[in-house]
Amino acid sequence: MTGRFNIVFKKPRIYSAVFLYMIYSYHVARGRFFCQTKNAWQKNRPRARNFPVSYCGIMKYMEGNTLRNTIGISVRDLVEFVLRTGDIDNRRKSGQDVNLMLEGARIHRMIQQGMGPGYQSEVYLKKLITLDDFDIMIEGRADGIISEDDRYIIDEIKTLYMDLDRLKAPQPVHLAQAKCYAFIFAEEEKLSEITVRMTYVNQISLETRYFHETYTYREIAAWFDSLIESYKRWAHFEFEFKKIRNESIEKVNFPFEYRKGQKELTSQVYRTIYHGRKLFLEAPTGVGKTVSTVFPSVKALGGGLADKIFYLTAKTVTRTVAAECFDKLREQGLKLKSVVITAKEKICPLEKPECNPDACDRAGGHYDRINDAMYDLLMHEDSFTREKIEEYALKHRVCPFELCLDMSLFSDTVICDYNYVFDPNVYLRRFFSDASGQSYIFLVDEAHNLVERGMNMYSAALLKEDLLVLKRVVKEADPKLNRALGSCNRKLLLLKRECESCMVLDEIGDIILSLNKLMARLETFLDEQEHFPYMDEVLDLYFRVRHFLNMYDNMKEDDYRIYCRHTGAGDFMIKLLCVNPSESLKLRLMKGRSTIFFSATLLPVKYYKDMLGADEGDYEVYAESVFDPKKRGLFIAADVSSKYTRRNEKEYATIAEYIADVCSAKPGNYMVFFPSHAFLEKVYEIFERDHYDGTGRLLKQGSNMREEEREEFLSGFKTNDGTLIGFCVMGGIFSEGIDLKNDSLIGALIVGTGLPMVCEERGILKEAYEMSGLNGFDYAYRYPGMNKVLQAAGRVIRTVDDTGVVVLLDERFLLPEYLKLFPREWKDHERVRISTASEKLTEFWEDIDA
């Protein structure tokens, strides 16, 4: 992760050439190094330029002629880990939960700027603790240091929504953070005593409350020594295991025989990591994308280029594949800690997650037991799978989801959903806070999904009717909250009356002011009404309002559009629409050393580089397909289309006839992908009536299928008895993320170009891209649609032994705008009509069987 680091020479002198070369080659080359003498630093403390530096959890530095190993941890991470106690209680939302407190960067800066010349803001502090075999580097940034004559005060600023009159004392973890800074500064300046000031600021009123504590140096040094003593067993483990891990990594070889081009691919991934760049990797199915990215990343980990690997996925099945890849390397002797993060809803032992001591016996005293549970698991397992997490969570009576998250602290590899890195509400703050100073590798699997996911993560919406529903619920319980809800409702009602259908807004400052006041009342309500019968409804609105306000505070004008519209259900919605998530994604990616985006469908690569935050100098690679092109038939229908103007009974009948002709050319399993459920139903009805004689089987994807229904649908493809035709929706649950190998699927028919449905929001996106100088139709419609097509087509050929056909049922695929989007392996295709399709398909299969 990118943190802040100053190299300070206490006395100007000539340092080891090796040491300077190491620093220069890594930091100066990346524009990340700043050096000054201590005298200059003392003189310019308030204005010292602290450039971001990435350094490993275990660093190495020169002391005399000895190379020392150093474990780095931020002040915030240290106190939050060592000093946590008590219960999990999701009913308390204000100052009780540090993760839910706003960062308040804008208010921090405002307060700091108004403090006068004796106030030094954002002061970087560090403490090196020397042990026998290694050192511990504690580092962080104090919000402020106040100098009053010979007296020094460490200022720690926290912003929150709650009424400050209800805050009787500083939160222990906040005070501990400030005390760490106080000790480091007092020792450095040789002070006999030092004062800590906790500054709490109300986010709405800007009301401020201070808490002061003064400590002698002896008192605060004894407290700090006790804190470090509690952390030592964890540091010792980390140091010893890293030695074992790195020795094992050095001996590990690529676990398979290299396929054509695969060795070059792994080299390219390593080169990208070494140079601290991003790589956009288009790799057709079967190339071995997972192992080709994991293996060089593990080698980079062992070589000290990074502290941790984040393997990020959009679907559970790809997380399983990644975990299996690391297990394959363990078969060669790799010693590496890895955790697979499972969603709370799936791993919670309760039917519905209720994270408070009244509903869950594990929530009570969870934080008193969690560190022992972690240490037990750490000592006895290397792969922290869902099953192991559940086993140890039960043994120690702790929350399995929280244990899962905590094990990521001591894992070399974290396998998880995109959310845990990118989502502003659930990202792992322990790794991506500004204070953290480690270096990560991000492996983003199926990266084409991150564009849409990113847009959704950084967008925010509120429904007027939800405010009214909660207003009625809390009317008697909290009149003040009732009035705050009413104020927001009235503001939205004015917009509703002005808006005919959909309206783009330039500014909503008046609404934001009311929402801020509502947020303050919600905070107070949640603290005072722990047993309110409609708490779920209150919490739901609380989280949505909080997200809306956070997105508003951080949005950049070019990347967002604000609009309101009437919904089909009679509701009225206001939305902050993220039109380009690249800048928001980059804020996370900057915390890492290198990012590898890989997918079988990253075309056109410029679109994905624009939307995923590429920088000048980042790499792109198109991996060569390992498949024999003669084993795949690609056919394009020249006399049919899914255009809205062509959707009629005749067109549906033609498509049904195409399906019959293709599937009768060779018995086997086929999938047909449609642009919508409604389109699917029309064609299915005609096909069943005119072409299905009861021979073979027909399966149809339903809307909102349960997990067991999905599994039953896919199980039909495990047998190869006659002909099976699955009718599916393009872009749905069966068009990607499923692996039907060998004869499980021999054909895919794709109806239409996959264009997203024309709607008001897509129109806003199109206009926004055009204003940025891009092709609005391509970025809003064509490129997302073509990705769905490529994903659906990719279900057919999964291994080098597979054979199958892809039939594109839309004449628009023959246009130059679409042909240029075809992957290289699609260069040979055959044009067909309804009168020739059966003959052409039969010829293909006869040639294969010959």
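Let me begin with charge on the surface of this predicted model. Asp506, Glu507, Glu557 and Asp558 gather there in a patch of negative charge. One of these residues, Glu507, sits in the loop that runs between strand S19 (502-505) and helix H19 (509-528). Its relative accessibility is 52%, so Glu507 counts as exposed, given that the cut-off for exposed is over 50%.

I turn now to charges that are paired. Side chains of opposite charge can pair when their charged atoms come close. Across the whole structure, a search finds 55 salt bridges, and I shall take three of them in turn.

The first example is in helix H12, residues 386-396. Here Glu391 forms a salt bridge with Lys388, and the closest N and O atoms are 3.5 Å apart. Both residues lie in this helix, 3 residues apart, which is about one turn. Glu391 has a relative accessible area of 43% and is therefore partly exposed. Lys388, at 27%, also counts as partly exposed.

Helix H12 leads us to a backbone feature. Arg397 lies in the loop between H12 and helix H13 (400-407). Although Arg397 is not a glycine, it has a positive phi of about 60 degrees. Its relative accessible area is 32%, so Arg397 is partly exposed. Leu206 is another non-glycine residue with a positive phi, in this case about 65 degrees. Leu206 is found in the loop between strand S10 (193-202) and strand S11 (208-216), and with a relative accessible area of 37% it is partly exposed.

The second salt bridge is in helix H26, residues 760-771. Glu770 pairs with Lys766, with 2.8 Å between the closest N and O atoms. Why are Glu770 and Lys766 separated by about one helical turn? Because they are 4 residues apart in helix H26. Glu770 counts as partly exposed at 40% relative accessibility, and Lys766 is partly exposed with a relative accessible area of 26%. Elsewhere, salt bridges that share partners join Lys278, Lys556, Glu583, Lys586, Asp615 and Asp618 into one network.

The third salt bridge joins the side chains of Lys609 and Glu620, at 2.9 Å from N to O. This pair links distant parts of the chain: Lys609 is in helix H22 and Glu620 is in strand S23 (residues 619-622), 11 residues apart. Is Lys609 buried or exposed? Lys609 is buried, because its relative accessible area is 17% and the cut-off for buried is under 20%. Glu620, by contrast, is partly exposed, with a relative accessible area of 46%.

Let me stay with helix H22, residues 605-612, and its surroundings. Lys609 has company among the buried residues of this helix: Tyr607, Tyr608, Met611 and Leu612 are buried as well. Before the helix, a cis peptide bond joins Leu603 and Pro604, with omega about -10 degrees. Pro604 is placed in the loop between strand S22 (594-599) and H22. After the helix comes Gly613, whose phi is positive, near 90 degrees.

I close with a charged residue in helix H6, residues 217-251, namely Arg245. Arg245 has a relative accessible area of 3% and is therefore buried. What lies 3.4 Å from a polar atom of the side chain of Arg245? It is the backbone oxygen of Leu301.

Definitions and conventions
Residues are numbered from 1 along each chain as its sequence is written. This is a predicted model: local features need pLDDT of at least 70, side-chain atom pairs count only at pLDDT 80 or more; totals for chains, interfaces and linings use all residues. Side-chain values use heavy atoms; hydrogens and water are left out. Patches are made of residues with over 30% relative accessible area and no salt bridge: like charges are joined within 9 Å, nonpolar side chains (Val, Leu, Ile, Met, Phe, Trp, Tyr) within 5 Å. Accessible areas come from the Shrake-Rupley method with a 1.4 Å probe; for residues, only the protein chains shown count as cover. A salt bridge is a side-chain nitrogen of Lys or Arg within 4 Å of a carboxyl oxygen of Asp or Glu. Lys and Arg count as positive and Asp and Glu as negative; His and the chain ends are not counted. The place of a charge is taken as NZ of Lys, CZ of Arg, CG of Asp or CD of Glu. Helices (H or I, at least four residues) and strands (E, at least two) are DSSP runs, numbered from the N terminus. Buried means under 20% relative accessible area, exposed over 50%, partly exposed in between (1.4 Å probe, protein chains only). A polar contact is a pair of N or O atoms within 3.5 Å; within protein, one must be able to donate a hydrogen and the other to accept it, and residues adjacent in sequence count only if both atoms are side-chain atoms.
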